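Got your viewer open? Load the model below and follow along, one selection at a time.

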Amino acid sequence: MELLTAILVGVLFTAAVYLILSRSLLKIILGTGLLSHGAHLLILTMGGLGGESPPVIADGVTDFADPLPQALILTAIVISFGVTAFMLVLSYRLYAVHKTDNMNALRGNDEHD
Amino acid sequence: MDYVFFIFVPMIAALFVPLLFRLVKRIHTGWFVLAVPFVLFIIYAMLIPTSMEGFVIESSFSWIPSLGIEFYSYIDGLSLLFSLLITGIGSLVVLYSIYYLDQSKEKLGHFYVYLLLFMSAMLGVVQSDNVISLYLFWELTSISSFLLIGYWYTKDASRFGALKSMMITVFGGLMMLGGFAILSLAAGSYSIREMIANSSQVADHPLFILALLLILLGAFTKSAQFPFYIWLPDAMEAPTPVSAYLHSATMVKAGLYLVARFTPLFATSSVWIWIVTGIGLFTLFWGSFFAVKQTDLKAILAFSTVSQLGLIMSLLGASGMSVHSAEPIFAIAGFAAIFHLLNHATFKGSLFMIAGIVDHEAGTRDIRKLGGLMSIMPITFTVAAIGSFSMAGLPPFNGFLSKEMFLDAMLAIRHFELFQFDTWGILFPVIAWVASVFTFIYSFYFVFYTFVKKGDVEQLPASPKEPPFGMLISPIILAAFVVVIFFIPNKFSDWIIKPAVAALQPHLYAVPQDVTIKIQAWHGFDAPALWLTVGVVVIGFLMYKTLDKWQPYYGIQPSYLSLNRFYDAMMNFSEVGMNKISRAYMTGVTRTYFLYIFASFSIITLIAVFAKSAFAFDLSSVTPVSIFAILNAMILLLAISFVLLAKSRIAAFIALGASGYSIALFFVMFKAPDLALTQLVIETVSVALFLLAFQRLPQMNTHGETKQNKIVNGIIAAGVGITITLVALASHSTKLIPSISQYYKDTVDTLAGGGNIVNVILVDYRGFDTLFEIAVLSIAAIGVFTMIRLRLKGDHADENK
């Protein structure tokens, strides 16, 4: 199972990086979404995917999944959501002001050197 | 009274100068300043009897005791000679400047502050025993010299000259600091005396030669040796008192001081002897050769200073040979070096002052316009003639004595048998003799073209007359020394030269009285130096007479083949060239930067993983793959490819949502119910958020991305993906220590009273994470609100509107 998720993480990162390298701001936001999915899955894989039952105390259960990576991912999901929301609004404002989401056009000018 | 505090006296006096300049308008500020070097001169002069006995005066106060850094004043013969030069010529220069600079027209407050600062710095350089404080004072001389050269800061040439001297001398200073660092590591101390005491241990250090070269770089840049002399002619934009003081008598001798001070440590090395003697001699020739080409009085003197500094440098190199050879002539070389150093300070100081007087009275320093001033300015002419004849090495002036000793020493180098000197040694006297001929020519050129040659006095910018007497006092005193030293050289030798020589060659002499060298003006008819001098005079005079015929040939040298042009090109490159290089890689396009980041991430990680053989692949602890997981993986892959290939933004965002749901399904499979819940909610909200903003977001657009761009992006992306997969596998396969999660599992009920371990970790065990995650969300919410609502008006509104 870890082999499968490791490959999936690789695919998620490849797609994310490919999108981040593109010229459109919208695609970059899509890329960061995929990147955070990849990172979360990676953390889970690192902790090991074993464990018979969820990490909740119940009678007769001794083999829990590792709770610590889950707690870390939970935090990470919330933070990445906050950042994604912020970036979405930022791109909306940017588009409203500059009328473009072409990253090559959004490069400042030499007057600020 | 501790002598170390006298170093700081000029610096403290400098604090009061601006006050005096503002408050006392009627008296020239220089009169107040004059007291400082004069009193110091008297104080140092009173040390002469002590130093004649071979005693050393030491005093110190701590600066950074925990690092062994202190201000340590160590006054032996060498330091005393320099201290006397600094304060003595300093007094004369201040006196001269009182008449040279006008109280009402010049910013004298600035001038004397810089000058006093320089005096402190210079005293610190020659008295410091601690290399760190020596370096501190060394850089302070560079800075105060920079300020003095740029004194008339409204002139372009002044600023250019100041910057040039700063760049070159600070470069050398930094190199020297590196040399000091190596030496203090090797000797285990910052003290120069302890370095010399441990010289055998220091010489065994593997970086000994590097330290030697770095310290020589410092000395050569400061003392204007080839090829670093180029700043000195440009520094002539400074007021003439500054040129006389800094750029002939004191600062440029700091490098000579450094070489002399470190000779006991480095002279065991052949590299030292070759470089110091060779570069010194070459500088002597180069400076004298190009001095004849100059048309500006101060430029002639600048090149002549370069040349004379080279002469002293080569003698210092030859004095190092006495470590290896018992021949008495190498001991005499050290003596000659110190002697000529003193002589040069006297005649060059007076000549600079003469150039200043001519400039002041005639309104120009251009030798082509000058001429015929002898009858108008007889006293000035007399002083100039004394200085020039001494510079040319003629009797009865002190330059003659040291020139004879110099020629003797250069002749003797032929017989020095170590380090292949006997093969190349014949070049040394030849170059020295040719350089002496040119020295003779430019000395005559300087004095006769200015004063004797027929010239039209009427067309000069000002009508020349004898300057005020005050202006002549200093050059007359210096010229008097030129003559007096010739007639009683051995008195001066006993007083100040022998103690300095004893400090320069401590392996030869224990106390100054051991130096038995007598200076003689007459060696008899069989002395080779006499016939060499006769040759210099005859050939020099003939060439001087025909100067007008061959001087134009200097124009043959193309201007692009000069060291100045090289310096300019280097400076230009550091401005324009570096700017071009920065522009080449700093494109301003985010993609370029991302490319650098991702490419270096994958390359560095992969190299590190494989170079350290850290990659491991172990399937033993892997859990079995379920059919649901494979199905879900296919859903995820499908969703990802939709995101990549989608033509419309709505499809792309829905595909992104699908991939999020697929991740949530994985969380379910991997027994993470809280994650699955959160992921589902967040993904839903994210898609909803996008749909809300849908109308206002840009269209999906490639913005003219080329196929080539896409291929490069694909390669980099695949590289990152592969790296991540490999790292994930490798780290999963090498688990070194067990997880701490067992603790949470064991104590979640007993310590925290909860059942859901993940939730208890979030709010109890690791509650701080959660607190700040809440803060992140709040900040994001505030940021979103501000971006939507806030619109600045007026000047701060968006520039594009």
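Start by selecting B:Asp769, which is partly exposed at a relative accessible area of 30%. Keep in mind throughout that this is a predicted model. Now add B:Arg766: its side chain meets that of B:Asp769 in a salt bridge, 3.0 Å from N to O. B:Arg766 is partly exposed as well, with a relative accessible area of 33%.

Next stop: a small cluster of charges. Pick B:Glu58, B:Asp129 and B:Arg193, which are joined into one network by salt bridges that share partners. Zoom in on one of the links, the salt bridge between B:Arg193 and B:Glu58, where the closest N and O atoms sit 3.2 Å apart. Which parts of the chain does this pair tie together? Colour by secondary structure and look: B:Arg193 belongs to helix H8 (residues 192-197) of chain B, while B:Glu58 is in strand E1 (residues 57-64) of chain B, so the bridge links parts that are 135 residues apart in sequence. Turn on a surface and you'll find B:Arg193 partly exposed, at 29% relative accessible area. B:Glu58 is partly exposed too, at 38%.

Stay in chain B and hop over to B:Glu237 and B:Lys155. Their side chains form a salt bridge, with 3.6 Å from N to O. This time look at loops: B:Glu237 is in the one between helix H11 (231-234) and helix H12 (240-249) of chain B, and B:Lys155 is in the one between helix H6 (131-149) and helix H7 (156-187) of chain B, so the contact ties together parts that are 82 residues apart in sequence. Are these two buried or partly exposed? B:Glu237 is partly exposed, with a relative accessible area of 24%, and B:Lys155 counts as partly exposed at 36%.

Want to go hunting for others? A search of the whole structure turns up 13 salt bridges over all chains.

Last, switch to chain A. The unreviewed UniProt entry places the feature "transmembrane region" at residues 6-21, 28-51 and 71-95 of this chain. Select residues 28-51 of chain A first: the span is 83% helix and 0% strand, and its end C-alpha atoms lie 36 Å apart. Then move on to residues 71-95 of chain A, where the chain is 100% helix and 0% strand. Draw a distance between the end C-alpha atoms of residues 71-95 and you should get 36 Å.

Conventions
Residues are numbered from 1 along each chain as its sequence is written. Chains are lettered from A and ligands numbered from 1 in the order in which they are written. This is a predicted model: local features need pLDDT of at least 70, side-chain atom pairs count only at pLDDT 80 or more; totals for chains, interfaces and linings use all residues. Side-chain values use heavy atoms; hydrogens and water are left out. UniProt positions are given in the numbering used here, feature names are shortened, and annotations may be inferred rather than shown by experiment. Helices (H or I, at least four residues) and strands (E, at least two) are DSSP runs, numbered from the N terminus. A salt bridge is a side-chain nitrogen of Lys or Arg within 4 Å of a carboxyl oxygen of Asp or Glu. Buried means under 20% relative accessible area, exposed over 50%, partly exposed in between (1.4 Å probe, protein chains only).
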